[in-house]
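This report goes through one protein model, strand by strand and then helix, pocket and single residues. Please keep the sequence and the 3D view open while reading.

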Amino acid sequence: MSTSERVDSQKAPEPVGLYPHARRVGNLLFLSGVGPRERGTKKIPGVELDAEGNILSYDIEKQCHSVFRNVRYILEDAGSSWERLVDVTVYLTNMKKDFPIYNRLWAEYFKDNPPCRTTLEINALPTPIAIELKCIATIGDE
């Protein structure tokens, strides 16, 4: 049985529950869901909330840039890299409104060697965010 090694990034936002940023099993790195929050704060780039914490408005482009940056932080802190992503599951809370912008940015970030991708619309995420990524990458010697 293969053992797994916990990976926690010092740059990515703290998890909102009891889970690591990633786990390494052999030469694979499995990331927990990653959102666009910023480390050390509850701030979400491009999100405006009312007094009760409900979303008044959000900027999916800012959230995409931030979530991609957070994924990169975790990959690099684990000894992997953006180019070693092999599979990404993307969760959007508003497919119709956000998919065109997210898809354009995806093409910019992955123009040379895109990983496999599945994009799903979901009702909500645990924090007031509009996008979350679940990723698998390779790590170590190849």
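The sections below cover strand pairing, the helix, the main pocket and a few individual residues.

## Basis of the model

The structure is a predicted model. Residue numbers count from 1 along the chain as its sequence is written.

## The N-terminal strands

Strand 1 (residues 4-7) and strand 2 (residues 22-25) run antiparallel and are joined by four bridges. Within this pairing, Val 7 has Ala 22 of strand 2 as its bridge partner.

Strand 2 also pairs with strand 3 (residues 28-31), again in the antiparallel sense and over four bridges. Here Arg 23 stands opposite Phe 30 of strand 3. The hairpin formed by strand 2 and strand 3 has two residues between the strands, and Gly 26 in this hairpin takes a positive phi near 60 degrees.

## Strand 8 and its neighbours

Strand 3 is also joined to strand 8 by three bridges, and the two run antiparallel. Phe 30 turns up again in this pairing, where Ile 136 of strand 8 stands opposite. Phe 30 thus has a place in two pairings, since Arg 23 stands opposite Phe 30 as well.

Strand 6 (residues 85-92) pairs with strand 8 in the antiparallel sense over seven bridges. In that pairing, Val 88 has Cys 135 of strand 8 as its bridge partner. How enclosed is strand 8 (residues 131-138) by the rest of the structure? Strand 8 is largely enclosed, because six of its eight residues are buried.

## The hairpin of strands 4 and 5

Strand 4 (residues 47-49) and strand 5 (residues 55-58) are antiparallel partners, with three bridges between them. Val 47 stands opposite Tyr 58 of strand 5. Five residues lie between the strands of this hairpin, and Gly 53 takes a positive phi near 90 degrees.

Gly 53 sits in the loop between strand 4 and strand 5. Is Gly 53 buried, exposed or partly exposed? With a relative accessible area of 35%, Gly 53 is partly exposed, because the partly exposed class runs between 20% and 50%. Gly 53 and Thr 93 are 40 residues apart along the chain, and their C-alpha atoms are separated by 16 Å.

## Helix 1

Helix 1 (residues 60-77) has 18 residues and reaches 26 Å from first to last C-alpha, close to the 26 Å expected at 1.5 Å a residue. At the start of the helix, a side-chain oxygen of Asp 59 comes to within 2.9 Å of the backbone nitrogen of Glu 61. After the helix comes Gly 79, with a positive phi near 90 degrees.

The buried residues of helix 1 are Ile 60, Gln 63, Cys 64, Ser 66, Val 67, Phe 68, Asn 70, Val 71, Ile 74 and Leu 75. An α-helix has 3.6 residues a turn, so residues three or four places apart point the same way. Among the buried residues of helix 1 are Gln 63, Val 67, Val 71 and Ile 74.

Asn 70 belongs to helix 1. Its relative accessibility is 3%, so Asn 70 counts as buried, the cut-off being under 20%. A polar atom of the Asn 70 side chain lies 2.9 Å from the backbone oxygen of Arg 37.

## The largest pocket

The largest pocket has a volume of about 200 Å³. It is lined by 17 residues, of which Tyr 19, Gly 33, Val 34, Gly 35 and Arg 37 are the closest to its centre. By class, the lining has nine nonpolar, five polar and three charged residues.

Arg 37 links this section to the helix, as its backbone oxygen lies 2.9 Å from a polar atom of the Asn 70 side chain.

## Two further residues

Ser 32 is found in the loop between strand 3 and strand 4. Its relative accessible area is 17%, so Ser 32 is buried. The side chain of Ser 32 reaches the backbone oxygen of Pro 20 at 2.6 Å.

Thr 118 lies in strand 7 (residues 116-121). Thr 118 is partly exposed, because its relative accessible area is 39%. Thr 118 and Tyr 91 are 27 residues apart in sequence, and their C-alpha atoms are 8.6 Å apart in space.

Conventions. This is a predicted model: local features need pLDDT of at least 70, side-chain atom pairs count only at pLDDT 80 or more; totals for chains, interfaces and linings use all residues. Side-chain values use heavy atoms; hydrogens and water are left out. Two strands pair if DSSP finds at least two bridges between them. The expected span of a helix is 1.5 Å times one less than its number of residues. Buried means under 20% relative accessible area, exposed over 50%, partly exposed in between (1.4 Å probe, protein chains only). A polar contact is a pair of N or O atoms within 3.5 Å; within protein, one must be able to donate a hydrogen and the other to accept it, and residues adjacent in sequence count only if both atoms are side-chain atoms. On a 1 Å grid over the protein atoms alone, a cavity is a set of points where a 1.4 Å probe fits but cannot get out, and a pocket is an open set with protein on both sides within 12 Å along at least five of seven lines; lining residues have an atom within 4 Å of a point. Grid points are joined across faces, edges and corners, and a volume is the space filled by probe spheres set on the points. Ala, Val, Leu, Ile, Met, Phe, Trp, Tyr, Cys and Pro count as nonpolar, Asp, Glu, Lys and Arg as charged, and the others, Gly among them, as polar.
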